[in-house]
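User: I would like to go through the empty spaces in this model, and to hear how each label is justified.

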Amino acid sequence: MNRRPDLKLLSTFLAVVDRGSMAEAAAALGYVPSAVSQHIAALERDLGVELLVRRPGSRLILTAAGRSLAQAARSLFEATARFQDAAARIADGDIAELRVGAYPSAMSHLFPGVLAALRPRRRGARIRLVIVETHQGLPRVTSGDLDLLIAYRYLPEDPPSPSDDWDVTSLGHEPLVLVAGPRPDARPWELADCLTMEWTSGHARSPDRRLLHRWAGELGISPEVTLETEDLHSMLAMIGAGLAVGLIPATLLTEDADRPRVERVALPPEATPLHREVLAVSRPGVRHPVVEELLGLLAQALRVVGGVSDPSSGSD
């Protein structure tokens, strides 16, 4: 028994089922009746079962096997049609879903506004979001688990860099702001005030910690990091409570009534402005138009964040 019958034979069989006779099926398909009869006979030989009961002068009668095959064949051809439609839409640049990974603060502070702006023009493509740190997301881009990764880089030598595995596009630079908690005497903070305080940053080998030490070395200072955490919201909470000072991405300092109140520390003129670079990482090839629109909106949002000048402004 051939378990993979010829689709042409199945198509003829369904035509016979739908019209109830060999002659009518032949007329619909443009065959001579004998050709239709031969197709049905060949299909029955392939499957090893009788599909139709042929009675002279009456319409054809389906056997139980014939009814089961007709149902299965309809499902097959309907699925084939859906596949062909989907393939055509994909060829025309239409997709059902984009899987996008992004680091936590981008997800909570950049994406809500960006996705709201994108929704009216994304042409039916659903965007599935995954919170993932840069180092965890890169292999998921390579494997195909993510279509796009929004990543960051604190130092130029850090990954991600362009490679054969992915394309990297810079979306802009997010300023890093040195902040401290509110002062009881309401005097503005200066860098000298922070030198005897505890600092908060990531662990010793994390990108933000290495950037902090490189920057501090250029200024000739030695900040004492005693509160280590990889969670920026935890850093911000400790700073707002007056327990430490630290460098915080400007994204987290936009107007938000729920965030801890913090104040900018005035830096000396010789201090290099700090930032982290925000990057889009995807597999090599042409990006879908929705991806390009998403990246354009993210770049625009970063330019707005870059204009943040007073982390204590707004309601706290």
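Analyst: A pocket here is an open set of grid points with protein on both sides within 12 Å along at least five of seven lines, and a residue counts as lining if it has an atom within 4 Å of a point. The model is predicted, and in it the largest pocket is lined by 23 residues, with Glu-133, His-135, Tyr-152, Pro-207 and Glu-230 nearest its centre.

User: What makes residues count as charged in the lining of the largest pocket, and how many are there?

Analyst: Asp, Glu, Lys and Arg count as charged, and eight residues of this lining fall in that class, beside nine nonpolar and six polar ones. Tyr counts as nonpolar, so Tyr-152, one of the residues nearest the centre, belongs to the nonpolar class.

User: Why is the space of about 90 Å³ called a cavity and not a pocket?

Analyst: A cavity is a set of points where a 1.4 Å probe fits but cannot get out, whereas a pocket is open, so the label says that this space is closed to the probe. The search finds one cavity of 30 Å³ or more, and the volume of the largest cavity is about 90 Å³. Among its 13 lining residues, Thr-200, Ser-201, Asp-208, Leu-212 and Leu-247 are the closest to its centre.

User: Which element gives the largest share of the lining of the second largest pocket?

Analyst: That element is α9, with four residues; the pocket has a volume of about 230 Å³, and β12 (275-282) also supplies at least two residues of its lining.

Definitions and conventions. Residues are numbered from 1 along each chain as its sequence is written. This is a predicted model: local features need pLDDT of at least 70, side-chain atom pairs count only at pLDDT 80 or more; totals for chains, interfaces and linings use all residues. Side-chain values use heavy atoms; hydrogens and water are left out. Grid points are joined across faces, edges and corners, and a volume is the space filled by probe spheres set on the points.
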